[in-house]
Amino acid sequence: MDGIPDYTGHRRVVLNDEDKQRELLNSDELPRDAKVMALILKSMGVDEFEPKVIHQMLEFMNRYVTDILQDAEKYKEHANKNHLDITDIRLAIQSRVNHSFIQPPPRQTMLEMARKKNSIPISEMPEQFGVLLPPEDWCLTSVNFQLDPRTDGSKSAQEAPIQANTEDLNAPLSLQAPTLPPMDMKP
């Protein structure tokens with residue numbers, strides 16, 4: 001299959017020329033299913049694509065149809081039917097669409113979410129030079145642990161004040177994660 005080399009050096013199929021399209025569809029190089037897939041792509045407005053796209057689309061189609069038929073067969077067995085009918089296939093397609101393909105939220109919902117998010121003003125940027133960092137408590141460069149010199153185990157880390165004297169150096173140490181202050185999103 002001839003085509004135009006793209007920026008990666010691969011060949012891509014161009015179907016915007018009627019002669020090239022007829023040549024592709026009349027050639028014995030492609031199987032019938034691949035020719036049909038090329039026509040489907042052309043009908044959807046895809047004029048240029050790599051040959052691998054046809055193989056990927058055929059693989060997806062084969063897997064999708066196989067899964068639908070297997071699900072329809074299970075529904076037929078569940079209904080104690082002898083033959084597969086259209087209702088089993090419709091049920092299998094509907095269940096596959098509901099679980100495999102997620103529809104985007106409606107446009108109005110997205111606009112409402114954007115309006116709500118954009119109603120919160122962004123805090124002002126300080127007029128200083130250099131790297132702008134958040135408060136020290138939120139930086140990775142700050143101390144992120146505390147020593148808890150509990151000797152008798154009677155007081156918890158929040159109740160016992162941290163003391164650093166020489167008597168506590170031999171006491172067992174435990175690490176306590178810091179508590180982060182709540183974020184203030186107001187300007």
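1. The largest nonpolar core has 8 residues, namely Leu 30, Ala 34, Met 37, Ala 38, Leu 41, Phe 49, Ile 54 and Leu 58. Two elements, helix 2 and helix 3, each give two or more residues to this core, and the largest share, 4 residues, comes from helix 2. The model is a predicted one, and the points below should be read with that in mind.

2. On the overall fold, the protein chain has 5 helices and 5 strands, which follow one another along the sequence in the pattern β-β-α-α-β-α-α-α-β-β. Of the 187 residues in the protein chain, buried residues make up 18%.

3. On confidence, the mean pLDDT of the protein chain is 76, and 66% of its residues reach 70 or more. The lowest confidence in the protein chain falls in strand 1 (residues 4-5), with a mean of 50, whereas the highest is found in helix 5 (residues 107-118), at 94.

4. On the surface, a nonpolar patch is formed by Val 36, Ile 40, Met 44 and Val 46, which together have about 330 Å² of accessible area. One of these residues, Met 44, sits in the loop between helix 2 (32-43) and strand 3 (48-49). Met 44 counts as exposed because its relative accessibility is 64%, and the cut-off for that class is over 50%.

5. How many aromatic pairs does a search of the whole structure find? The search finds 1 aromatic pair, made by Phe 60 and Tyr 64, whose ring centres are 6.0 Å apart and whose planes stand at 20°, so the pair is stacked. The angle decides the class here, because planes under 30 degrees apart count as stacked. Phe 60 and Tyr 64 are 4 residues apart in helix 3 (residues 51-78), and are therefore separated by about one helical turn. Both rings belong to partly exposed residues, with a relative accessible area of 37% for Phe 60 and of 24% for Tyr 64.

6. On charged pairs, side chains of opposite charge can pair when their charged atoms come close. In this model, a search of the whole structure finds 7 salt bridges, and among them is the one between Asp 33 and Arg 32, with the closest N and O atoms 3.8 Å apart. That distance qualifies because the cut-off is within 4 Å. Asp 33 is partly exposed, its relative accessible area being 41%, whereas Arg 32, at 64% relative accessibility, counts as exposed.

7. Within helix 3, the side chains of Lys 76 and Glu 73 meet in a salt bridge, at 2.9 Å from N to O. The two residues are 3 apart in helix 3, so Lys 76 and Glu 73 are separated by about one helical turn. Is Lys 76 buried or exposed? With a relative accessible area of 11%, Lys 76 is buried, the limit for that class being under 20%, while Glu 73 is partly exposed at 30%. Glu 73 can also be placed relative to His 83, since these residues are 10 residues apart in sequence and 8.9 Å apart in space, C-alpha to C-alpha.

8. Another salt bridge links Lys 81 with Asp 88, the closest N and O atoms lying 3.2 Å apart. Here Lys 81 is partly exposed, with a relative accessible area of 30%, whereas Asp 88 is buried, with a relative accessible area of 4%. Elsewhere, Asp 67, Asp 71 and Arg 96 are joined into one network by salt bridges that share partners.

9. On backbone geometry, most residues other than glycine have a negative phi, and most peptide bonds are trans. Asn 80, although not a glycine, has a positive phi of about 55°. Asn 80 is found in the loop between helix 3 and helix 4 (86-100), and because its relative accessibility is 69%, Asn 80 counts as exposed.

Methods. Residues numbered from 1 in each chain as written. Predicted model: local features only at pLDDT ≥ 70, side-chain atom pairs only at ≥ 80, totals over all residues. Heavy atoms only, no water. Patch = residues over 30% accessible without salt bridge, like charges linked within 9 Å, V, L, I, M, F, W, Y side chains within 5 Å. Areas by Shrake-Rupley, 256 points an atom, 1.4 Å probe, with all protein chains shown as cover. Buried < 20%, exposed > 50% of the residue type's maximum accessible area, 1.4 Å probe, protein only. Phe/Tyr/Trp six-rings, centres within 6.5 Å; stacked < 30°, edge-to-face > 60°. pLDDT = per-residue confidence, 0-100. Core = buried A, V, L, I, M, F, W, Y, C linked by side-chain atoms within 4.5 Å.
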